[in-house]
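Subject: Structure handover

Hello,

Here is the structure you are taking over, followed by notes on what was found in it. Please keep the viewer open while you read.

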Amino acid sequence: MTDLRPFIAGLPKAELHVHHVGSASPRIVAELAARHPDSKVPTDPEALREYFTFTDFAHFIEVYLSVVDLIRTPEDVRLLTFEVARDMARQNIRYAELTITPYSSTRRGIDEKAFMAAIEDARKAAEAELGVILRWCFDIPGEAGLDAAEETARLAVDLRPEGLVSFGLGGPEIGVPRPQFKPYFDRARAAGLRSVPHAGETTGPETIWDALNELGAERIGHGTSAVQDPALLKHLAEHRIALEVCPTSNIATRAVTDLDEHPVKEMVRAGVLVTINSDDPPMFGTDLNNEYEVAARLLELDERGLAALAKNAVEASFLDADGKARIAAEIDAYTDAWLSR
Ligand SMILES: [Zn+2]
């Protein structure tokens with residue numbers, strides 16, 4: 001079998017489902033921990049690698065929160081954001097919609113205007129210095145309730161940074177029904193933001209219907225359980241509503257028990273626009289290149305198939321038409337050159 005890894009590594013890619021704090025690699029966490037020596041997080045990269053080896057989901061949450069605790073100043077926010085883009089550039093990610101939870105930072109006392117300035121400064125530097133185009137999705141941490149939803153909508157609509165394109169909803173699904181967030185999504189959508197809630201990761205297809213009907217979802221974060229409902233699959237395919245599939249994450253969180261049983265194949269077979277993403281890559285021991293490798297195996301793809309998958313993400317992105325055409329052309333040129341070596 002051909003080793004597709006070298007092809008994937010050089011393939012220009014777009015990523016649509018990846019979290020800001022969840023992208024902090026051991027290298028970045030070490031830098032942040034060094035800035036805040038009172039934290040319990042180790043600064044030595046070797047010790048950190050061990051720290052990042054998760055025993056179970058509760059341990060993952062614990063580590064995630066300890067990283068959140070390292071982001072205390074606007075300069076921390078800028079550093080995290082720019083360094084995440086550097087990790088993306090190394091994987092030839094040309095465009096990413098990074099999901100940011102501004103509520104976690106503003107509630108901890110970071111000045112909201114300084115927060116926006118920090119991410120925007122990092123975004124402009126990433127594009128100029130690394131060639132990575134970043135856009136933001138501000139998401140509601142569902143577990144924090146309606147106050148957090150109100151605050152996130154206010155920050156998104158009133159302080160709207162230039163790079164903000166969409167509005168999301170994360171956190172647990174069980175016990176956090178989607179419809180209660182409708183007024184906040186209505187406000188964000190009225191302001192021109194696109195709707196991209198997480199849905200159907202840990203609950204059934206009815207949550208995905210709620211995301212579509214109540215929150216006006218234009219893409220679905222995960223949508224793993226869509227395969228349980230043929231009518232839903234048909235609806236998603238007909239309306240070109242993309243699913244943001246994150247295979248390794250689904251295993252790490254036990255949303256799917258075994259990679260070989262991942263429903264991505266059924267999604268593709270039903271004609272749904274499938275995109276491949278990494279979610280919280282270092283925390284799940286993965287990166288986007290690895291997710292493409294997993295997808296190639298599950299979907300039995302060759303180079304052309306992988307290029308088509310990369311173009312799905314470009315199509316489903318909220319980049320402008322010129323930007324989409326440019327990245328799609330880059331993918332084609334790279335693939336043609338690779339196959340005519
Ligand atoms: Zn996610």
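Are Phe-7 and Tyr-334 buried or exposed? Both residues are buried in this model, which is a predicted one.

**The ring cluster**

A pair of aromatic rings is described by the distance of the centres and the angle of the planes. For Phe-7 and Tyr-334 the distance is 5.3 Å centre to centre and the angle between the planes is 35°, a tilted pair. Phe-7 belongs to helix H1 (residues 5-10) and Tyr-334 to helix H16 (residues 321-339), so this contact links distant parts of the chain, 327 residues apart. Phe-7 also pairs with Trp-338: the ring centres are 5.6 Å apart and the planes stand at 70°, so this pair is edge-to-face. Trp-338 is in helix H16 too, 331 residues from Phe-7 along the chain. Trp-338 is buried, as is Phe-7. Through ring pairs, Phe-7, Tyr-334 and Trp-338 make up a cluster. The count of aromatic pairs comes to 5.

**The zinc site**

Which protein atoms act as donors to the zinc ion? They are NE2 of His-17, NE2 of His-19, NE2 of His-198 and OD of Asp-279, at 2.1 to 2.4 Å from the ion. Along the chain these donors follow the spacing H-x1-H-x178-H-x80-D. Two of them, His-17 and Asp-279, are 262 residues apart: His-17 is in strand S1 (residues 13-19), and Asp-279 is in the loop between strand S9 (274-276) and helix H14 (288-299). Both His-17 and Asp-279 are buried.

Why is the arrangement around the zinc ion called irregular? The 4 donor atoms subtend angles of 84 to 172°. To count as tetrahedral, four donors need all angles between 85 and 135 degrees, so this site does not qualify.

**Strand S1**

Strand S1 has 7 of its 7 residues buried, so the rest of the structure largely encloses it. S1 runs parallel to strand S2 (residues 93-100), and 5 bridges join the two. In S2, Thr-99 stands opposite His-19, and His-19 is one of the zinc donors.

**The open sheet**

An open sheet is formed by 4 strands in the order S6-S7-S8-S9, with parallel pairing. Strand S6 (198-199) and strand S9 are at the edges with a single partner strand each, so each has one side without a neighbour in the sheet. S6 and strand S7 (residues 219-222) run parallel and are joined by 2 bridges. Ala-199 has His-222 in S7 as its bridge partner.

His-222 deserves a second look. Its phi is near 75°, which is a positive value in a residue other than glycine. His-222 has a relative accessibility of 1% and therefore counts as buried.

Arg-240 also has a positive phi, about 50°, although it is not a glycine. Arg-240 is located in the loop between helix H11 (230-238) and strand S8 (242-245). How is Arg-240 classed by its relative accessible area? At 42%, Arg-240 is partly exposed.

Ala-242 lies in strand S8. Ala-242 counts as buried, at 1% relative accessibility. The C-alpha atom of Ala-242 is 9.2 Å from that of Glu-315, with the two positions 73 residues apart along the chain.

**Helix H15**

Helix H15 (residues 303-316) has 14 residues. From its first C-alpha to its last it reaches 20 Å, close to the 20 Å expected at 1.5 Å a residue. How many of the 14 residues of H15 are buried? The number is 10, and the helix is mostly covered. Among the buried residues are Leu-306, Leu-309, Ala-310 and Ala-313. An α-helix has 3.6 residues a turn, so residues three or four places apart point the same way. At the start of H15, a side-chain oxygen of Asp-302 comes to within 3.2 Å of the backbone nitrogen of Arg-304.

Those are the notes to date.

Regards

How values were computed
Residues are numbered from 1 along each chain as its sequence is written. This is a predicted model: local features need pLDDT of at least 70, side-chain atom pairs count only at pLDDT 80 or more; totals for chains, interfaces and linings use all residues. Side-chain values use heavy atoms; hydrogens and water are left out. Donors are N, O and S atoms within 2.8 Å of the metal (3.2 Å for Na, K and Ca); water is not among the atoms, so sites may look incomplete. Four donors count as tetrahedral if all angles lie between 85 and 135 degrees; four count as square planar and six as octahedral if opposite donors are over 155 degrees apart and all others between 65 and 115; anything else is irregular. Buried means under 20% relative accessible area, exposed over 50%, partly exposed in between (1.4 Å probe, protein chains only). Two strands pair if DSSP finds at least two bridges between them. The expected span of a helix is 1.5 Å times one less than its number of residues. A polar contact is a pair of N or O atoms within 3.5 Å; within protein, one must be able to donate a hydrogen and the other to accept it, and residues adjacent in sequence count only if both atoms are side-chain atoms. Rings of Phe, Tyr and Trp (its six-membered ring) pair if their centres lie within 6.5 Å; planes under 30 degrees apart count as stacked, over 60 as edge-to-face and the rest as tilted.
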